[in-house]
Amino acid sequence: MFEVGHLFWRLLKRGYNVSLTEFVYIFTMYVDDIKNDFYEFLSGKRIFLMVHYDIDSICACKILQSLLRYKHILYSLAVVKGKEDLKVAYRENCNDVKYFVLLNCGGTIDIVEELEAEEDITFFILDSHRPTDLCNIYSNGQVRLLSTPEEDVAVPEFHDVFREESDDEDDEEIDDSDGETRAAKRRRLDEEELIKRREKRLWEDNRDKLMFEYCQFTYHARASAIRIFELAWKLNKDDKDLLWLAIVALTEQMLLGKIENTHYTLEIGPLQAHATRLQNKTNDTDVMTSLKISFENDLRLTLYRHWSVESSLKYSMFPAVKMKLWSLKGDKKLHELLADMGFPLIQSKQSFHSMDLQLRKEFRPSLEKLSEKYGLQDIVYASFVLQYGYRNKYCASDIVFALLAILESSPMDKKPSELFNLALDCLSRTKREILNDAIDRAKDISKTIFKTVQSALDMKQIITAGPFVYFIIQEGCPNWYMFSHLHILLMLAHFLLRAYVAMSRNRKAATLPLIISAPKNLETGTCILLGIPPLCENSPKNFFGKAFEQAAERINCDSSCDFIDTSYFEIHTKDRTRFFDALTALLS
């Protein structure tokens, strides 16, 4: 229930003498001046960082850590994979710390209510997940949002979702001294009561409609690392290393389909300006020590600078889908492309660094020239390249794939906190061996995803269920454990849906969303579900969070929505068939 008792009475209980109107104007908790009201405010205080287990969060954390060191601000850190991790970290530290900074977690839930926080605790939240919970937006000051109001779309007005409770239940004293009979006055009061009830019912109907429209889709807003980098810029403590972290965070959002292409295009403009400014600012001209970030067109190919040309073309989603490279005909087409480019097969199978210098220089222009003939339009996109020394050249997508490999393709005995720290090290230029090892593992991930898609298409395992299609990864299949990780499962889902649409004879294929399921925990018998929107919508906004909740309620099954991103869901494997039936009925 969204009565004002949830927020407004929270103030009244604490002794605030504030009217409802004053409450609205005073307590809309976006931090306007992030420099003074966040950074300077925390100076001299001990804080606790709660950081989500994803790439944007890691980049934002690394930038923030460098800023905290300038002020000698003491902090502790916990890695958060879900809501339960949030609760555990808070319970263990709330007695020692009064200021909590949450990166990419906590924004979509009523954080004060969820953690049962005391009134002397303050939460600073920078979360790219949307929609932001209204109790955080209209907070009493305990929650302070570091994002901007423009990033939250169509936020309902306070009066439309929160309401003062009148003393309707109190019996009014009936006074007939004015000559009005008791019966007449009773009739008048009954009519007034009916009008009040009707108005309240209409208000509740309107509130439910507004809340449904606000909460029906989950999506991502601006990368948190970019917001923290802008803080570093305002403090005049920015440099090229910090800018590169912001670029990597944005690239991750684009590669994993978290934001629209237009959003990506709008964000790269200011980052390009920062790159030019910082490049002109430096005096270091030594090639071996200087760091250069260049803005240039790149190819939608996975790790091609660190792989062979043939493998990168084959296992990258974009060319694989366009040329249907999982088929014999597609494989033949790939070799025709390489021949048209003038690349001998022996050169194409070598690592990119070992190829002839002239072929390396001609690779991108040749592929761009032949893109229309082979249906590879849009294979070129605007990106950034990092270069230091003579041999160290990485595009932003290389770093994203390497970080994903560290976070989600490491040995099972590694704790999330260990992998988080390893990912932080990977972003350091002094730890090249960590990055190179991660890139090798990222190649294995790409191969596994491609082979899984190929197998699913060959064996016709993508099933149409009316309003959606679904694919189930069985426990016995190779590398099934890899797909129990959220981002690798997301990469597979995007590849699978595009491949299905490319191969399907169904005209409605592009209008169907995909649900993919993978084993989560063999001991407890649970599986993880992920839903992604159809290709025709060309938008990352996802409606499956609410749909999964309603389907679970319909069949009354045990489920878990511990994930920060609600497009993921966990249920018992034995309930999956009934769950899909309920979902089919719900979406039909």
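**Exercise 1. Work out how enclosed helix H11 is, and look at both of its ends.**

Start with burial: 14 of the 16 residues of H11 are buried, so the rest of the structure largely encloses this helix. Here "buried" means under 20% relative accessible area, "exposed" means over 50%, and "partly exposed" is in between (1.4 Å probe, protein chains only). Helices (H or I, at least four residues) and strands (E, at least two) are DSSP runs, numbered from the N terminus.

A word on the material before going on. This is a predicted model, where local features need pLDDT of at least 70 and side-chain atom pairs count only at pLDDT 80 or more, while totals for chains, interfaces and linings use all residues. Residues are numbered from 1 along each chain as its sequence is written, and side-chain values use heavy atoms, with hydrogens and water left out.

Next, check the length. H11 covers residues 240–255 and reaches 22 Å from its first C-alpha to its last, close to the 22 Å expected at 1.5 Å a residue. That expected span is 1.5 Å times one less than the number of residues.

Now the ends. At the N-terminal end, Asp239 acts as the cap, with a side-chain oxygen 3.1 Å from the backbone nitrogen of Asp241. Just after H11 comes Gly257, with a positive phi of about 70 degrees.

**Exercise 2. Find what Ile226 touches, then follow the trail to H12.**

Step one: Ile226 sits in helix H10 (residues 224–234). Its relative accessible area is 2%, so Ile226 is buried.

Step two: leave out residues up to four places away in sequence, and Ile226 touches Ala246, Leu250, Glu267 and Leu271. Contact means heavy atoms within 4.5 Å. Leu245 is 19 residues from Ile226 along the chain, and their C-alpha atoms are separated by 8.4 Å.

Step three: turn to helix H12 (residues 261–281). Its 21 residues should span 30 Å at 1.5 Å a residue, and the end C-alpha atoms are indeed 30 Å apart. Among the buried residues of H12 are Glu267 and Leu271, along with Tyr264, Ile268 and His274. The buried residues of H12 pack against H10, H11, E8 and strand E9 (380–388).

**Exercise 3. Lay out the sheet that contains E1, and place two helices on it.**

First, the order: 5 strands form an open sheet, E2-E1-E3-E4-E6, with parallel pairing. The edges are strand E2 (75–80) and strand E6 (143–145), each pairing on one side only. Neighbouring strands are turned by 20 degrees against each other on average, direction ignored.

Then zoom in on one pair. Strand E1 (residues 47–52) and strand E3 (residues 99–103) pair in the parallel sense over 5 bridges; two strands pair if DSSP finds at least two bridges between them. Ile47 has Tyr99 in E3 as its bridge partner.

Finally, add the helices. Helix H4 (residues 55–71) packs on the sheet, touching E1, E2 and E3, and its direction makes about 160 degrees with that of E1. Helix H5 (residues 83–93) lies across E1, E2, E3 and strand E4 (122–126), at about 170 degrees to E1. For these angles, axes are lines fitted to C-alpha atoms, for helices over the stretch in contact, and angles run from 0 to 180 degrees between N-to-C directions.

**Exercise 4. Do the same for the sheet that contains E11.**

Order again: 6 strands make an open sheet, E11-E12-E13-E14-E16-E15, and the pairing is mixed. E11 and strand E15 (559–560) are the edge strands, each pairing on one side only.

For the pair at the E11 end, E11 and strand E12 (residues 469–472) run antiparallel over 2 bridges. Thr464 has Val469 in E12 as its bridge partner.

**Exercise 5. Pick out the backbone oddities in three loops, and say whether Leu303 and Lys460 are buried or exposed.**

Keep the background in mind: most residues other than glycine have a negative phi, and most peptide bonds are trans.

- Leu303 has a positive phi of about 55 degrees without being a glycine. It lies in the loop between strand E8 (291–299) and helix H13 (309–315). With a relative accessible area of 0%, Leu303 is buried.
- Lys460 also isn't a glycine, and has a positive phi of about 50 degrees. Its loop runs between helix H20 (432–458) and strand E11 (463–464). At 68% relative accessibility, Lys460 counts as exposed.
- The peptide bond from Arg130 to Pro131 is cis, with omega near 5 degrees. Pro131 is in the loop between strand E5 (129–130) and helix H7 (134–137).

Key:
A polar contact is a pair of N or O atoms within 3.5 Å; within protein, one must be able to donate a hydrogen and the other to accept it, and residues adjacent in sequence count only if both atoms are side-chain atoms.
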